[in-house]
Amino acid sequence: KWLFEVGAAEDITKANNNGVTPMWIACQNGHLSVCKWLFEVGAAADITKANNNGFTLMYIACEIGHLSVCKWLFEVGAAADISKADSNGFTPMWTACCEGHLSVCKWLFEVGAAADITKANNNGVTPMWIACENGHLSVCKWLFEVGAAADITKADNGGFTPMYVACQKGHLL
């Protein structure tokens with residue numbers, strides 16, 4: 001706030017060389033009070049902007065597991081971003097499963113991203129596949145229960161199945 005008050009007001013929406021704005025970095029770090037303040041003082045349009053890699057604020061908040069930030073973004077205008085994929089086919093659901101954020105996965109499912117539980121990225125990697133690779137058993141079980149049961153044997157574009165990658169990583173799921 002002090003920087004804003006003493007002359008750095010235009011910087012609230014200024015992106016760095018990677019397309020990352022103050023709003024983006026505040027969401028990434030889970031600083032909800034900073035997000036809300038930025039929104040109120042002129043960075044509202046930033047809530048739906050992606051960085052240079054195509055990652056939206058919703059995506060990054062889901063990846064890191066900041067559920068309160070996800071919910072706030074959804075409420076203030078980024079609802080369409082709950083299923084928005086980047087250029088590699090990564091959706092917020094995919095990344096939440098990848099990182100093992102079950103509460104975020106469940107919330108995304110409830111607010112409209114249910115179809116994303118079986119959506120593969122450009123390499124054919126499904127949320128089930130990536131959750132198995134990373135050893136997130138609670139996410140795997142949840143995905144299985146809510147409609148991704150067929151994905152337990154679905155191979156990626158290279159022919160690797162969830163069983164293969166779980167064994168490769170030493171996950172005795």
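The following paragraphs lead from the overall fold of this predicted model to its core, its aromatic pairs and its charged residues.

The protein chain contains 10 helices and zero strands. Read from one end of the sequence to the other, its pattern is therefore written α-α-α-α-α-α-α-α-α-α. Along the principal axes, the C-alpha atoms fill a box of roughly 60 × 30 × 25 Å. The chain has 173 residues, of which 40% count as buried. Contacts between residues at least 6 apart in sequence show how the chain is folded upon itself: 66% of them join residues at least 24 apart.

The interior may be considered next. The largest nonpolar core has 50 residues, and those that touch the most other members are Met-23, Met-58, Leu-73, Met-93, Leu-108 and Leu-143. Which helix gives the most to this core? It is helix 4, residues 57-64, with six residues. Helix 4 is mostly covered, since six of its eight residues are buried. The buried residues of helix 4 are Leu-57, Met-58, Tyr-59, Ile-60, Ala-61 and Cys-62. They pack against helix 2 (22-28), helix 5, helix 6 and helix 7. Just after helix 4 comes Gly-65, which takes a positive phi of about 90°.

Helix 6 offers a view of this packing from another side. Thr-95 has its place in helix 6, residues 92-99. Is Thr-95 buried or exposed? With a relative accessibility of 1%, Thr-95 counts as buried, because the limit for a buried residue is under 20%. Beyond its neighbours within four places in sequence, Thr-95 is in contact with Tyr-59, Cys-62 and Glu-63. Two of these partners, Tyr-59 and Cys-62, are among the buried residues of helix 4. Met-93, one of the core residues named above, also has partners outside its own stretch of sequence. Leaving aside neighbours within four places, Met-93 is in contact with Cys-105, Leu-108, Phe-109, Ala-113, Asp-116, Ile-117 and Trp-142. Among these partners, Leu-108 is itself listed with the core residues that touch the most other members.

Aromatic rings form a further set of contacts. A pair of aromatic rings is described by the distance of the centres and the angle of the planes. The structure holds seven aromatic pairs. In one of them, the ring centres of Phe-74 and Trp-107 are 5.6 Å apart and the planes stand at 80°, so this pair is edge-to-face. Phe-74 belongs to helix 5 (residues 67-78) and Trp-107 to helix 7 (residues 102-113), so the pair ties together parts that are 33 residues apart in sequence. The surroundings of the two residues can also be described: Phe-74 is partly exposed, with a relative accessible area of 26%, whereas Trp-107 is buried at 9%. Another pair consists of Phe-90 and Trp-94, whose ring centres are 4.5 Å apart and whose planes lie at 40°, so the pair is tilted. Phe-90 counts as buried at 18% relative accessibility, and Trp-94 is buried with a relative accessible area of 7%.

The last topic is charge. Side chains of opposite charge can pair when their charged atoms come close. How many salt bridges does the structure hold? There are two. One joins the side chains of Asp-11 and Lys-14, with a distance of 3.8 Å from N to O. Asp-11 is partly exposed, with a relative accessible area of 34%. The other salt bridge joins the side chains of Asp-46 and Lys-49, at 3.3 Å from N to O. Here Asp-46 counts as buried at 2% relative accessibility, while Lys-49 counts as partly exposed at 44%.

Asp-156 presents a contrasting case. This residue is found in the loop between helix 9 (137-148) and helix 10 (162-169). Asp-156 is buried yet has no salt bridge. The nearest side chain of opposite charge is that of Lys-154, 11 Å away; a salt bridge requires a nitrogen within 4 Å of a carboxyl oxygen, so Lys-154 does not form one with Asp-156. What does lie 2.8 Å from a polar atom of the Asp-156 side chain? It is the backbone nitrogen of Phe-160. Apart from its neighbours within four places in sequence, Asp-156 is in contact with Asn-123, Gly-124, Val-125 and Trp-129.

Terms used
Residues are numbered from 1 along each chain as its sequence is written. This is a predicted model: local features need pLDDT of at least 70, side-chain atom pairs count only at pLDDT 80 or more; totals for chains, interfaces and linings use all residues. Side-chain values use heavy atoms; hydrogens and water are left out. Helices (H or I, at least four residues) and strands (E, at least two) are DSSP runs, numbered from the N terminus. Buried means under 20% relative accessible area, exposed over 50%, partly exposed in between (1.4 Å probe, protein chains only). Lys and Arg count as positive and Asp and Glu as negative; His and the chain ends are not counted. A polar contact is a pair of N or O atoms within 3.5 Å; within protein, one must be able to donate a hydrogen and the other to accept it, and residues adjacent in sequence count only if both atoms are side-chain atoms. Contact means heavy atoms within 4.5 Å. Rings of Phe, Tyr and Trp (its six-membered ring) pair if their centres lie within 6.5 Å; planes under 30 degrees apart count as stacked, over 60 as edge-to-face and the rest as tilted. A nonpolar core is a set of buried Ala, Val, Leu, Ile, Met, Phe, Trp, Tyr and Cys residues joined through side-chain atoms within 4.5 Å.
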